[in-house]
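Please open the structure in your viewer and keep the selection tool at hand. The tour moves from one selection to the next and describes what is found at each stop.

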Amino acid sequence: MVTPMEFQLKGQRLRLERPLLMGIVNVTPDSFFDGGRFCDPQRAVAHALRLVEEGADLLDIGAESTRPGALPVDEQEERRRLVPVVAAVAKAVSVPISVDTSKAEVAKAAIDAGAIMVNDVTALRGDSAMVGVVAQAGVALVLMHMQGTPDIMQHAPRYDDVVGEVAQFLAERVRYAIDQGVARDRIVVDPGIGFGKTLGHNLDLLANLRVFAELGYPVLVGPSRKGFIGQLTDQSVEARGWGTAGVVALAVEQGANILRVHDVGPMKDVAKVAVAIARRISAGVREQHA
Ligand code: HH2
């Protein structure tokens, strides 16, 4: 199956002929990279605007960290952090706003405030009411793979065939979402880099992104500054920008459609260069010059 060239959001269409950059805005005290920096709504909004200036095609706003070891945030607190920021950002920018939450009531409030995409890292398993909220609102949906839950997911991740199992999981969750009324042209899939995965699992997934593209839905990848980059480079979270660039380039070459990153400006350039070369690779550049 071929990944579609267009992706529907509520009231907006996103063309997928080039990779899209999704800028991360974490309104949290404890996110692994930017935790505590944008807790204040005004700072979160200013950060979102900066990411749009840098070229973000979408924004993903979240108020609950899902880093390994993170503890859940209650619904009221998540709403309190998130909704004012979504509302203010939606007024200020025209790029689509995604909301990174697994709770139906939080998603609903964020949609009312202007979000047009729900990024659910539990792939609709966290809250049985989520699928109805997404289907009824007609917003887009990211279905991500995770083994376990954030508090324990890195204890002992285990797979017999990580690529096959993740692909099968995503196919099942897509089927469930469609059966429950989510439009198929609003669904995005994500192998969930770092969510219940060892370094080897992450590398196997990143080396096989085409398998996920073959499911027939846009593929989102979120490698930004994650632990596996630290394992490979021995760098702190602050110094993992270059490692992230390496992943972004190779993900683009394999056809990733949406890159979820903290550093939009630099990664936009990385993606531009990677896509220009990737197009030559897929056109068979040697034959052209023979
Ligand atoms: N990664 C994180 C959070 N949400 N959503 C999707 N679809 N894919 C991802 O890979 C993904 C995600 C974790 O990164 P971050 O938001 O920077 O950190 P934290 O969870 O600590 O807030």
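Begin by selecting Thr28, which is found in the loop between β3 (20-26) and α1 (41-53). Bear in mind throughout that this is a predicted model. Is Thr28 buried or exposed? Thr28 counts as buried because its relative accessibility is 0%, and the cut-off for that class is under 20%. Now display side chains and add Ser31 to the selection. The side chains of Thr28 and Ser31 make a polar contact at 2.6 Å.

**The ligand and its surroundings**

Ser31 leads to the next stop, as it is one of the residues closest to the ligand. Select the ligand together with its neighbours. How many residues surround the ligand? There are 18, and the closest are Ser31, Ser65, Thr66, Asp190 and Lys226. Colour this shell by residue class, and six nonpolar, seven polar and five charged residues should appear.

Individual contacts can then be inspected. Select Ser65: a polar atom of its side chain lies 2.7 Å from an oxygen atom of the ligand. Proceed to Phe32, where the atom to find belongs to the backbone; this N or O atom lies 3.1 Å from a ligand oxygen atom. Arg67 also places a polar backbone atom by the ligand, 3.4 Å from one of the ligand's oxygen atoms. Taken alone, the ligand exposes 480 Å², and the protein buries 99% of that area.

**Strand β5 and its partners**

Leave the ligand and select strand β5, residues 97-100. Which residues point one way from this strand, and which the other? Ile97 and Val99 point one way, whereas Ser98 and Asp100 point the other way; all are buried. This pattern is expected because side chains in a regular strand alternate between the two faces of the sheet.

Next, add strand β4, residues 58-62, which pairs with β5 in the parallel sense over four bridges. Within this pair, Leu59 stands opposite Ile97 of β5. To see how the chain connects the two strands, include helix α2, residues 75-92: β4, α2 and β5 make a right-handed β-α-β unit.

Finally, select strand β6, residues 117-120, which forms a parallel pair with β5 over three bridges. Here Asp100 stands opposite Asn119 in β6. From β5 the chain crosses to β6 through helix α3, residues 104-112, in a β-α-β crossover that is right-handed.

Key. Residues are numbered from 1 along each chain as its sequence is written. This is a predicted model: local features need pLDDT of at least 70, side-chain atom pairs count only at pLDDT 80 or more; totals for chains, interfaces and linings use all residues. Side-chain values use heavy atoms; hydrogens and water are left out. A residue is near a molecule or strand if one of its heavy atoms lies within 4 Å of it. A polar contact is a pair of N or O atoms within 3.5 Å; within protein, one must be able to donate a hydrogen and the other to accept it, and residues adjacent in sequence count only if both atoms are side-chain atoms. Accessible areas come from the Shrake-Rupley method with a 1.4 Å probe; for residues, only the protein chains shown count as cover. Ala, Val, Leu, Ile, Met, Phe, Trp, Tyr, Cys and Pro count as nonpolar, Asp, Glu, Lys and Arg as charged, and the others, Gly among them, as polar. Buried means under 20% relative accessible area, exposed over 50%, partly exposed in between (1.4 Å probe, protein chains only). Two strands pair if DSSP finds at least two bridges between them. A crossover is right-handed if, with the strands pointing away from the viewer, the path from the first strand over the helix to the second runs clockwise.
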